[in-house]
Amino acid sequence: DIDLQNKTSYFKDLLKNGSTKEEILPEVFAVVREVSKRKLGLRHFDVQLIGGIVLHQGMIAEMKTGEGKTLVATLAAYLNSLSGDPVHIITVNDYLASRDSIWMGEIYKYLGLSVGCITSSTDHEERIKHYNSDIVYATNNEISFDFLRDNLKTNYESLCFKKDGFAIVDEVD
């Protein structure tokens with residue numbers, strides 16, 4: 001367990017020292033797969049690992065309901081969070097954003113990452129706090145309007161999006 005929990009700093013060091021995400025991807029995915037099995041009792045299938053690669057590459061992975069999109073996203077999300085930029089997982093409703101941030105958050109928290117969740121009931125001060133998390137679950141409406149509102153602000157500290165990140169869009173169609 002301790003060796004797994006130390007992998008986040010290990011991977012971050014590899015990236016700082018010149019390794020690419022593609023070079024560390026197999027080991028990163030293996031770590032996420034093992035943590036998921038231990039913490040959630042869910043083991044990524046080989047096809048889900050391929051889906052994680054597709055998401056990491058910024059492409060669309062079509063999966064039917066029940067095929068494990070929520071679990072697949074953990075692979076690309078964790079890998080892309082290692083660079084220090086936030087990862088936004090955008091879903092269609094408050095229930096899914098909340099559920100997934102708690103459920104899949106077990107993986108990220110085990111690996112030392114912070115998890116935020118933005119729903120329609122999240123006030124502005126809380127939004128800023130949540131957007132500063134490593135992994136942020138949010139609805140498409142909330143994240144879109146927060147981005148638009150940021151473009152009207154003149155105070156950096158009140159911005160929701162302070163740096164670029166990586167996004168995974170659920171139900172991209």
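For sorting pocket linings by class, Ala, Val, Leu, Ile, Met, Phe, Trp, Tyr, Cys and Pro count as nonpolar, Asp, Glu, Lys and Arg as charged, and the others, Gly among them, as polar. Keep in mind that this is a predicted model.

**Exercise 1. Work out the class make-up of the lining of the second largest pocket.**

Step 1: Find the pocket. About 210 Å³ of space lies in it, and 14 residues form its lining.

Step 2: Look around the centre. Gly66, Lys69, Thr70, Arg99 and Asp170 lie nearest to it.

Step 3: Ask which elements contribute. α5 and α6 (94-103) each bring at least two residues to this lining.

Step 4: Sort by class. You should end up with 5 nonpolar, 4 polar and 5 charged residues.

**Exercise 2. Describe the largest pocket in the same terms.**

Step 1: Start with the volume, which comes to about 540 Å³. Of the 25 residues lining this pocket, Ala61, Val169, Asp170, Glu171 and Val172 are the closest to its centre.

Step 2: Trace the lining back to secondary structure. The elements that give two or more residues are α5 (69-81), β1 (87-91) and β4 (166-169).

Step 3: Sort again. This lining holds 14 nonpolar, 4 polar and 7 charged residues.

Step 4: Put the two pockets side by side. Asp170 is among the residues closest to the centre of the largest pocket, and Asp170 also turns up among those nearest the centre of the second largest one.

**Exercise 3. Lay out the sheet and say which strands stand at its edges.**

Step 1: Write down the order. The 4 strands run β2-β3-β1-β4 in an open sheet with parallel pairing.

Step 2: Pick out the ends. β2 (115-118) and β4 each have a single partner strand, so one side of each has no neighbour in the sheet.

Step 3: Add the twist, which averages 20° from one strand to the next.

Step 4: Check the pairings. β2 and β3 run parallel and are joined by 4 bridges, with Gly116 partnered by Val136 in β3. β1 and β4 also pair in the parallel sense over 4 bridges, and here Ile89 has Ile168 of β4 as its bridge partner.

Step 5: Place the helix. α8 (residues 124-131) packs on the sheet and touches β1, β2 and β3 (135-139). The direction of α8 makes about 140° with that of β2.

Step 6: Zoom in on β2. Val115 and Cys117 point one way, Gly116 and Ile118 the other, and all are buried.

**Exercise 4. Decide whether Glu142 is buried or exposed, and find what it touches.**

Step 1: Locate Glu142, which sits in helix α9 (residues 140-150).

Step 2: Apply the cut-off. Buried means under 20% relative accessible area. Glu142 has 14% relative accessibility, so it counts as buried.

Step 3: List the contacts. Leaving out residues up to four places away in sequence, Glu142 touches Ile118, Thr119, Ser120, Arg127, Tyr131 and Arg149.

Step 4: Link back to the strand. Ile118, one of those contacts, is a buried residue of β2.

Methods
Residues numbered from 1 in each chain as written. Predicted model: local features only at pLDDT ≥ 70, side-chain atom pairs only at ≥ 80, totals over all residues. Heavy atoms only, no water. 1 Å grid on protein atoms, 1.4 Å probe; cavity = no way out; pocket = protein on both sides within 12 Å on 5 of 7 lines; lining within 4 Å. Points joined across faces, edges and corners; volume = space filled by probe spheres on them. Buried < 20%, exposed > 50% of the residue type's maximum accessible area, 1.4 Å probe, protein only. Contact = heavy atoms within 4.5 Å. Pairing = 2+ DSSP bridges. Axes fitted to C-alpha atoms, helices over the stretch in contact; angles between N-to-C directions.
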